[in-house]
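Please explain this structure to a reader who has not seen it before. Go through its sheets, its helices and a few single residues in running text.

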Amino acid sequence: RRKARVSCSLPEPSWQERLANAVTPLWRLPYQEQLQVKYESQRKILQTLASRLEELGIDAQKPGGLCCPLQPVVPSPIINGYRNKSTFSVNRGPDGNPKTVGLYVGTGRGRNIVCVKANHMENIPSKHKQVAQCYEEFICGSPLDSCILFHEGGHWRELVVRTTSCGHTMAIITFHPQQLGQEALATQKTLLKDFFTYGPGAVCALTSLYFQESTMTRCSHEQSPYQLLHGAPHIFEELLGLKFRISPDAFFQVNTAGAEVLYEAVGELCQATGDTVLLDICCGTGTIGLSLAHQVSKVIGVEVVEKAIEDAEWNAAFNGISNCEFHSGKAEAVLPQLLASWEDARPLVAVVNPSRAGLHYRVVRAIRNCRSIRRLLYISCKPEGEAMRNFLELCCPPDPKKKLAGEPFAPVLAIPFDMFPHTVHCELVLLFTR
């Protein structure tokens, strides 16, 4: 007699589990184990950097094959619901509803994208989930379609929710106008405003409701202005005893409590004295520079987002800080001009906190070629990516062909900060000196 086959296959994970596994792959691990996983990944990055520097003829091998000592991962003060900003997509859900508001499972390349509600996600606060649920309710009641593929029409697109520890909530809704005229657009804006002020969405108690018409995947305020439909133009956050104003597209660390710990450490690593000038590159709303302004003689901030610079200047004035100046523009355009004529005798310390794209080569070159900069702090949310290219550019031997005349930097200390519990990501602070 043939034996009956026993199936050992595990049941298919639910859509909620698939989403949690995709966005927060460490969610099942106890927090101390998450920190250990992150420590090991940062250790591998420093080993890679040591190997790459060796290839350039630089003796960078330290104990354990690292390029410099690595401290344990600094834990996040808040582990669940820590995000102060969430971006929700609109697409087809597991039940086929094309107006599902959530996060993606699958990829565009694999043509298997499914939008799953994020109600169970541990890193997202309940307020963000509430606004997402209300937005879904609104668009499901709208006669207008969701915009899944631009060329196929439809209008309703993503939702960004920003919250602060002061209890403020900002919602930013992106809308593809397609062929709608101004009158039809005005009608939609009125319906949206009424829903969130007098209708079911009033439970969200929004501080600010913004609307952006966009025909592109991502759109800056300069390309298509954020239109305030309701409430205050800004929300406010408190950090290290200072008050910060936040515009719709201004950068602010996604974990506020974690940012406080990070910035305090940056202040110590700068070793700034009363006559130090702090150069804050990619300064956003000025949080790092302003939080360290009391330690230094002057802060110079550079930031590409114009509205963020307006916020930084307001933040300085509101907090009574008068030793800061902020420059709006691409760092690769502003910084070389700023440093080329630098003749200030005061010590100059640079802090860079770029996006995942890293620093433009011209920025690295300007830093290298400015002899006054002896100490550099590089804060990276993705050190294994483009930041690695920057590390090598900072440390490589002088190269006349690339106009790199300045003395090379060397990595001396690495400290990872867990700004993103349940995910594999870490914020790495790498201290370079020369």
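In the hairpin of β4 and β5, which residue takes a positive phi? The residue is Gly167, with phi near 90 degrees, and the hairpin has five residues between its strands. Helices and strands here are DSSP runs numbered from the N terminus, with H or I over at least four residues for a helix and E over at least two for a strand.

The model is a predicted one, in which local features need pLDDT of at least 70 and side-chain atom pairs count only at pLDDT 80 or more, while totals for chains, interfaces and linings use all residues. Residues are numbered from 1 along each chain as its sequence is written, and side-chain values use heavy atoms, with hydrogens and water left out. The predictor's confidence in each residue, pLDDT, runs from 0 to 100. Its mean over the chain is 91, and 96% of the residues reach 70 or more. Confidence is highest in helix α3 (residues 126-140), at a mean of 98, and lowest in helix α8 (residues 331-340), at 87.

The hairpin belongs to an open sheet of seven strands, in the order β3-β2-β1-β4-β5-β6-β7, with mixed pairing. At its edges stand β3 (114-116) and β7 (227-231), each with a single partner strand, so one side of each has no neighbour in the sheet. From one strand to the next, the twist averages 35 degrees. Two strands count as paired if DSSP finds at least two bridges between them. In general, strands of a sheet pair through backbone hydrogen bonds, either parallel or antiparallel.

Strand β5 (residues 169-175) pairs on both sides. With strand β4 (residues 156-163) the pairing is antiparallel, over six bridges, and Leu159 stands opposite Ile173 in β5. With strand β6 (residues 208-213) the pairing is parallel, again over six bridges, and Ala171 stands opposite Leu209 in β6. β5, helix α4 (residues 182-197) and β6 make a right-handed β-α-β unit; right-handed means that, with the strands pointing away from the viewer, the path from the first strand over the helix to the second runs clockwise.

Is β5 enclosed or open? Seven of the seven residues of β5 are buried, so the strand is largely enclosed by the rest of the structure. Buried means under 20% relative accessible area, exposed over 50%, and partly exposed in between, with a 1.4 Å probe and protein chains only. Thr169, Ala171, Ile173 and Phe175 point one way from β5, and Met170, Ile172 and Thr174 point the other way.

Towards the edge of this sheet, strand β2 (residues 100-105) and β3 run antiparallel and are joined by three bridges. Tyr104 has Cys115 in β3 as its bridge partner.

A second open sheet also has seven strands, in the order β12-β11-β10-β13-β14-β16-β15, and its pairing is mixed. Its edge strands are β12 (324-328) and β15 (410-417), each with a single partner strand, so one side of each is left without a neighbour in the sheet. Neighbouring strands of this sheet are turned by 15 degrees against each other on average, direction ignored. Within it, strand β13 (residues 348-352) and strand β14 (residues 373-380) pair in the parallel sense over five bridges, and Leu348 stands opposite Ile373 in β14.

In the edge strand β15 lies Val412, which is partly exposed at a relative accessible area of 34%. The C-alpha atoms of Val412 and Asp59 are separated by 13 Å, although these residues are 353 residues apart along the chain.

Next come the helix pairs. Helix α9 (residues 361-368) and helix α10 (residues 386-395) pack at an angle of about 30 degrees, with their axes 10 Å apart. Axes are lines fitted to C-alpha atoms, for helices over the stretch in contact, and angles run from 0 to 180 degrees between N-to-C directions. α9 and α10 are therefore roughly parallel. Helix α2 (residues 31-55) and α10 pack at about 40 degrees, with their axes 11 Å apart, and are therefore oblique to each other. Angles under 35 degrees count as roughly parallel, over 145 as roughly antiparallel, 65 to 115 as roughly perpendicular, and the rest as oblique.
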